[in-house]
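Open the model in a viewer with the whole chain shown. The stops below go from the overall fold to single residues.

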Amino acid sequence: MNSSSKKFGYARVSTQTQSTDNQEQLLKEYGCDKLFVEKYTGTKSDRPQLNELKAHLRHGDTVVVTKLDRLGRSTKDLLQIVSDFKAIEVNLVVMQQNIDTTTIEGRLFFTLISAFAQFEAEIISARTKDGLAAAKAKGKLGGRRSVLSPMQKSQVAEFYAQGKTVSQIAELFSTTRQVIYRSLEKQSS
């Protein structure tokens, strides 16, 4: 850690009635330069204080938490946060689980977490591609189902040719103008 690097503590509890006092005390004792304290569920990835913490981070800084679950409850969220830290070369210290990425063992942990995140992303991608290929083989196309039936689409074209406006046609079919425009575009191509 260079002389301009900072230690940022992050404390979180899930509800307004819970206290962060114990976490804050431990983080201060660890020597954190600044604390970010949040009373917000860990299942939400968009947490104001966590976002603020991320905005302060620079290469070589260290994020300190008392337990890993303070960063997030879901594995996916934790993997993303840890990957974000690794990408900008920020260290992570988890006090109660003895994780410290300023050590060789800690860097190994970071590398393994990143590998699992990459593996998970590739598995999801492969499953999606397999699912789309299977659907295509069965003659099913991906995407949203049409709001209008083939017969209704033909009626839309007829009404439009008769001079009815898109708004009038949309009202007749109890749908939006965008649906009518899409139907007309597909008929003309």
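Helices, at least four residues, and strands, at least two, are taken as DSSP runs and numbered from the N terminus. The model on screen is predicted.

**Whole chain**

Begin with the protein chain coloured by secondary structure. It holds seven helices and five strands. Read from the N terminus, the order of elements is β-α-β-α-β-α-β-β-α-α-α-α. The radius of gyration of the chain is 26 Å, well over the 16 Å that the globule rule gives for 189 residues, so the chain is more spread out than a compact globule. Turn the C-alpha trace along its principal axes to see a span of about 80 × 40 × 30 Å.

Switch on the surface. The accessible surface of the chain is about 12,400 Å², with 52% of it belonging to carbon and sulfur atoms. Buried residues make up 31% of the 189 residues. Of the contacts between residues at least 6 apart in sequence, 62% join residues at least 24 apart. Colouring by charge shows 28 positive and 20 negative charges, whose mean positions are 8 Å apart.

**Helix H1**

Select residues 21-30, which form helix H1. Two of its residues are worth a stop.

Leu26 belongs to this helix. Its relative accessibility is 23%, and Leu26 therefore counts as partly exposed, since buried means under 20%. Beyond its neighbours within four places in sequence, Leu26 is in contact with Thr66, Met95 and Gln96. For a long distance, draw a line from Leu26 to Ser149: the two are 123 residues apart along the chain, and their C-alpha atoms are separated by 64 Å.

Tyr30 is also in H1. This residue is partly exposed, with a relative accessible area of 31%. Its contacts, leaving aside neighbours within four places in sequence, are Lys7, Val64, Val93, Met95 and Asp100. For Val64, 34 residues away along the chain, the C-alpha separation from Tyr30 is 8.4 Å. Met95 is in contact with Leu26 and with Tyr30.

**Helix H3 and the loop after it**

Next, select residues 75-87, helix H3. How far apart are its end C-alpha atoms? They are 18 Å apart, which agrees with the 18 Å that its 13 residues should span at 1.5 Å a residue, because the expected span counts one less than the number of residues. Show the side chains of Asp77, Leu78, Leu79, Ile81, Val82 and Phe85, the buried residues of H3.

Move on to Glu89, in the loop between H3 and strand E4 (91-94). Phi of Glu89 is near 55°, a positive value in a residue other than glycine.

**The C-terminal helices**

Select helix H6 (166-172) and helix H7 (177-188), with Ser174 in the loop between them. Which sign does phi of Ser174 have, positive or negative? Phi of Ser174 is positive, about 55°, although the residue is not a glycine. Is Ser174 buried or exposed? Ser174 is exposed, with a relative accessible area of 68%.

End at Ser188, which lies in helix H7. At 65% relative accessibility, Ser188 counts as exposed. A last line, from Ser188 to Lys138, joins C-alpha atoms separated by 28 Å, with the two residues 50 apart along the chain.

Terms used
Residues numbered from 1 in each chain as written. Predicted model: local features only at pLDDT ≥ 70, side-chain atom pairs only at ≥ 80, totals over all residues. Heavy atoms only, no water. Buried < 20%, exposed > 50% of the residue type's maximum accessible area, 1.4 Å probe, protein only. Rg over C-alpha atoms; globule rule 2.2 N^0.38 Å. Contact = heavy atoms within 4.5 Å. Areas by Shrake-Rupley, 256 points an atom, 1.4 Å probe, with all protein chains shown as cover. Lys, Arg positive; Asp, Glu negative; His and termini not counted. Charge placed at Lys NZ, Arg CZ, Asp CG, Glu CD.
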